[in-house]
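Me: I've got a structure open and I'd like to talk it through with you, one question at a time. Mind walking me around?

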Amino acid sequence: MGGEGKVYTLAEFSQHNNAKDCRLLIGGKVYNVTKFLEDHPGGDEVLLSASGKDATDDFEDVGHSSSARAMLDELYVGDIDASTIPTKTKYTPPNHPHYEQDKTSEFVVKLLQFLVPLLILVSASIPNHQLKHRDHKRSWQDSSQ
Ligand code: HEM
């Protein structure tokens, strides 16, 4: 393979993400898998979808054998310029305004869930109570006559 030892920027590396030119980034190293695509026991699709980004986790998750790891040496074409990789790009937290909004509506729903039954209960029991009271009074007056 030509071009050994080349230092790729992340932007440059991520352009090699198709069947005609497919390179993988595993453990900070760039591998040209274009010719390996059809020979890969796991299929070409997984390699294509793992290209253009950091494929270290994808590669490790499969639990590749040591002979698979040995193949990496032959496919090695260079390294990635670490300064072009933003740290923790994969897990950007959801943006805050959204988060606050969700929390507020959640709170309102909880408040309503608490208040609505309470209001129903109160509005239902007060007139009843007054009625009973009135009935009681009336019946007391009736019997005393
Ligand atoms: C240059 C990088 C890679 C090489 C040299 C490679 C090589 C191999 C080899 C030799 C096998 C046969 C089993 C073994 O020996 O472990 C294999 C299987 C497999 N690989 Fe890769 N692989 C690479 C990257 C990847 C990536 C990035 C993925 C996932 C996105 C992947 C997914 C798989 C899967 C799913 C299998 C299992 C296939 C099966 O058992 O049916 N491989 N790979």
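Me: Let's begin with the hairpin. How many bridges hold S3 and S4 together, and in which sense do they pair?
Reply: Keep in mind that this is a predicted model. S3 covers residues 21-26 and S4 covers residues 29-32. Their pairing is antiparallel, and the number of bridges is four.

Me: Which residue in S4 is the bridge partner of Leu25?
Reply: You can follow the S3 to S4 ladder partner by partner. Arg23 is matched with Asn32, and Leu24 is matched with Tyr31. For Leu25, the partner in S4 is Val30.

Me: Which residue takes a positive phi in the hairpin of S3 and S4?
Reply: That hairpin has two residues between the strands. The phi in question is near 60 degrees, and it belongs to Gly27.

Me: OK, zooming out: what is the strand order in the sheet?
Reply: The protein chain has five helices and five strands, running β-α-β-β-β-α-α-α-β-α from the N terminus. The five strands form an open sheet with mixed pairing. Reading across it, the order is S1-S5-S4-S3-S2.

Me: Which strands stand at the edges?
Reply: An edge strand has a single partner strand, so one side of it is left without a neighbour in the sheet. That is the situation for residues 6-8 and for residues 17-18. The names you want are S1 and S2.

Me: Where does the parallel part of the mixed sheet come in, that is, which strand does S1 run parallel to?
Reply: Strands of a sheet can pair either parallel or antiparallel. S2 and S3 run antiparallel, joined by two bridges, and S4 and S5 are antiparallel too, over three bridges. S1, on the other hand, is joined by three bridges to a strand made of residues 76-80, and the two run parallel. Along that pair Val7 stands opposite Asp79, and the strand is S5.

Me: And which residue in S5 is the bridge partner of Val30?
Reply: S4 pairs with S5 in the antiparallel sense. One match across that pair is Tyr31 opposite Tyr76. For Val30, the partner in S5 is Gly78.

Me: Is S3 largely enclosed or largely open?
Reply: Count the buried residues in S3: five of the six qualify. With that many buried, the rest of the structure surrounds most of the strand, so S3 is largely enclosed.

Me: Which element supplies the largest share of the largest nonpolar core?
Reply: This core has 14 residues, and the ones with the most contacts inside it are Leu24, Leu25, Ile26, Val30 and Ala55. S3, S4 and H2 each supply at least two residues of the core. The largest share is four residues, and it comes from S3.

Me: Which residues does Ala55 touch, leaving out those up to four places away in sequence?
Reply: Ala55 is one of the core residues with the most contacts inside the core. Its list includes Ala50, and the others on it are Leu24, Leu25 and Ile26.

Me: Is His16 buried or exposed?
Reply: His16 sits in the loop between H1, residues 10-13, and S2. Its contacts beyond four places in sequence are Asp21, Cys22, Arg23 and Ser51. The cut-off for burial is 20 or more other C-beta atoms within 10 Å. His16 has 20 of them, so it counts as buried.

Me: How far apart are the C-alpha atoms of His16 and Thr34?
Reply: Along the chain, His16 and Thr34 are 18 residues apart. In space, their C-alpha atoms are separated by 9.3 Å.

Me: Last stop, the ligand. Which helix gives the largest share of the shell around it?
Reply: The shell has 20 residues, with Pro41, Gly42, Asp58, Ser65 and Ala68 coming nearest. By class it holds 14 nonpolar, five polar and one charged residues. H2 (44-50), H3 (56-62) and H4 (66-75) each supply at least two residues of the shell. The largest share, five residues, comes from H4.

How values were computed: Residues numbered from 1 in each chain as written. Predicted model: local features only at pLDDT ≥ 70, side-chain atom pairs only at ≥ 80, totals over all residues. Near = placed C-beta within 6 Å. Nonpolar A, V, L, I, M, F, W, Y, C, P; charged D, E, K, R; others polar. Pairing = 2+ DSSP bridges. Core = buried A, V, L, I, M, F, W, Y, C linked by C-beta atoms within 7 Å. Buried ≥ 20, exposed ≤ 12 C-beta atoms within 10 Å, placed from the backbone. Contact = placed C-beta atoms within 7 Å.
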